[in-house]
Amino acid sequence: MIITKTPFRMSFFGGGTDMPSFFNDYGGAVISTTFDKFSYVNVRHLPPFMPYMSELVHSKIERVNDIEDIEHPLIREAMRLYDIHEIRLTYEGDLPARTGLGTSSTFAVGMINAFCALKGKYMSKCMLAEEAIKLEREILKEHGGWQDQIAAAYGGFNRIDFKDNHFSVRPIIINPERKKQLNENLMLFYTGIQRFSSDIQKYTFFNPQDKIKQLLDMLNLVDEAESILSDKHVNLNEFGKLLDQAWKLKKGIGAKISSSSIDDIYTKAIRAGAIGGKLLGAGGGGFFLFYVEKNKQEYVKNVLSELMLVPFNFEDEGASIVHYKPIVYIPRKEIIKK
């Protein structure tokens with residue numbers, strides 16, 4: 001049995017510039033962090049006496065005798081890619097899917113990690129990110145960028161740069177106490193709205209050339225944000241103000257990113273004392289992140305009482321294998337022959 005643990009991520013700046021259609025021409029960069037909410041994937045080979053070949057437990061239970069019969073596209077194509085057969089796979093997540101936290105890519109990274117461990121193959125964090133990008137963007141042709149897979153694999157508070165079909169990951173240099181203060185000044189609220197990010201991004205970036213100016217402006221905020229975080233002499237509230245700028249730029253990229261109800265949530269939070277904030281992920285719903293000084297947080301919590309507040313802490317581990325006990329796998333057809 002193999003059990004993997006993979007963190008969800010929150011992206012602060014640069015979202016949208018991680019798409020190859022943009023960064024191969026202009027360069028791209030994001031600042032993001034993973035936090036202590038996780039995706040767990042449990043994989044083992046199925047005993048040969050079961051009446052089906054594989055059992056897959058995610059948002060539903062699938063029991064199949066052929067890979068082609070698997071409905072979940074990520075599982076189906078990953079099993080095909082890594083030549084995986086006769087398994088029981090279960091997925092559990094600390095937070096709901098389709099909510100802007102890179103849940104699909106986090107699942108992809110965790111599943112690839114589990115499948116390769118089942119085959120006895122070690123996967124570095126770079127390899128995990130590259131394979132998850134290949135699975136989602138090349139094989140499944142899902143619209144979107146690269147940051148989710150990379151953040152989930154590497155973990156930590158990082159700047160990720162993109163250029164010429166490559167990426168590099170560099171930790172943000174920030175004083176530990178300042179990082180702790182930033183964590184304490186961030187509030188995460190669940191809107192209750194779920195959506196497919198690939199659908200939002202497909203609509204938003206249908207013609208990426210129309211968005212170049214906004215994306216370049218968003219890219220510039222990455223350098224500014226890194227400078228704020230690294231310079232202990234700059235008031236950390238400037239980070240919150242920059243989030244406000246980023247949200248306003250992001251809203252201008254596509255009509256489906258925000259809505260009247262989302263705008264109302266943002267206005268309420270700002271009036272109650274939040275300095276800035278943004279919807280995480282592609283937009284359209286999911287989780288709202290706000291930067292709020294501690295003495296104002298109770299006011300913001302009260303005006304957003306209809307939303308669920310989710311406490312969290314930054315994490316640095318990234319994708320990991322928490323249980324590794326493989327068995328010698330003998331295909332069922334070989335057992336039957338004997």
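**Figure 1. Cys-116 is a buried cysteine, with a relative accessible area of 2%.** The views in this set show a predicted model. The structure holds zero disulfides. Cys-116 takes part in no disulfide, and the nearest cysteine sulfur, that of Cys-126, lies 14 Å away. Because a disulfide requires two cysteine sulfur atoms within 2.5 Å, a separation of 14 Å leaves Cys-126 in no disulfide with Cys-116. Cys-126 is partly exposed, with a relative accessible area of 30%.

**Figure 2. Helix H2 spans residues 73–81 and contributes several buried residues.** The buried residues of this helix are Leu-74, Ile-75, Arg-76, Glu-77, Ala-78 and Met-79. Their cover includes two strands, E3 (54–57) and E5 (87–93), together with two helices, H3 (103–118) and H4 (125–139). Just after H2, Asp-83 takes a positive phi of about 55°.

**Figure 3. Asp-83 and Asp-164 are two loop residues with positive phi.** Most residues other than glycine have a negative phi. Asp-83 has a positive value, near 55°, in a residue other than glycine. Its place is in the loop between H2 and E5, and Asp-83 is partly exposed, with a relative accessible area of 46%. Asp-164 is not a glycine either, yet its phi is positive, at about 50°. Asp-164 is found in the loop between E6 and E7. At 48% relative accessibility, Asp-164 counts as partly exposed.

**Figure 4. Helix H5 (residues 147–154) is largely enclosed by the rest of the structure.** This description applies because seven of the eight residues of the helix are buried. They are Gln-147, Asp-148, Gln-149, Ile-150, Ala-151, Ala-152 and Ala-153. The cover over these residues includes the strands E1 (2–13), E2 (28–45), E6 (157–163) and E7 (166–171). Helices H3 and H4 are also included in that cover. H5 is followed by Gly-155, whose phi is positive, near 70°.

**Figure 5. The largest nonpolar core contains 99 residues.** Within this core, Phe-12, Phe-13, Leu-89, Phe-115 and Phe-290 touch the most other members. Helix H3 supplies the largest share of the core, ten residues. Phe-290 may be examined more closely through its contacts, leaving aside residues up to four places away in sequence. The residues touched by Phe-290 include Asn-185, Leu-186, Met-187 and Phe-189. Also among them are Ile-265, Tyr-266, Ala-269 and Ala-274. Gly-276, Gly-277 and Leu-304 complete the list of contacts of Phe-290.

**Figure 6. Four strands form an open sheet in the order E9-E10-E8-E11.** The pairing in this sheet is antiparallel. Strand E9 (276–279) and strand E11 (308–309) stand at the edges, each with a single partner strand, so one side of each is left without a neighbour in the sheet. E9 pairs with strand E10 (residues 287–291) in the antiparallel sense over four bridges. Leu-279 stands opposite Phe-288 in E10, and the bridge partner of Lys-278 in E10 is Leu-289.

**Figure 7. Both faces of strand E9 are covered.** In a regular strand the side chains alternate between the two faces of the sheet. In E9, Gly-276 and Lys-278 are on one side, Gly-277 and Leu-279 are on the other, and all are buried. Helix H9 (residues 237–251) lies across strand E8 (186–190), E9 and E10, and runs at about 40° to E9. Helix H10 (residues 260–272) lies across E9 and E10, and runs at about 20° to E10.

**Figure 8. Gln-297 is a buried residue in helix H11.** Helix H11 covers residues 297–303. Gln-297 has a relative accessible area of 16%, and it therefore counts as buried, because the limit for a buried residue is under 20%. The side chain of Gln-297 reaches the backbone oxygen of Val-292 at 3.0 Å. Not counting residues up to four places away in sequence, Gln-297 touches Glu-184, Asn-185, Met-187 and Val-292.

How values were computed: Residues numbered from 1 in each chain as written. Predicted model: local features only at pLDDT ≥ 70, side-chain atom pairs only at ≥ 80, totals over all residues. Heavy atoms only, no water. Buried < 20%, exposed > 50% of the residue type's maximum accessible area, 1.4 Å probe, protein only. Contact = heavy atoms within 4.5 Å. Core = buried A, V, L, I, M, F, W, Y, C linked by side-chain atoms within 4.5 Å. Polar contact = N/O pair within 3.5 Å; in protein donor to acceptor, adjacent residues only side chain to side chain. Pairing = 2+ DSSP bridges. Axes fitted to C-alpha atoms, helices over the stretch in contact; angles between N-to-C directions.
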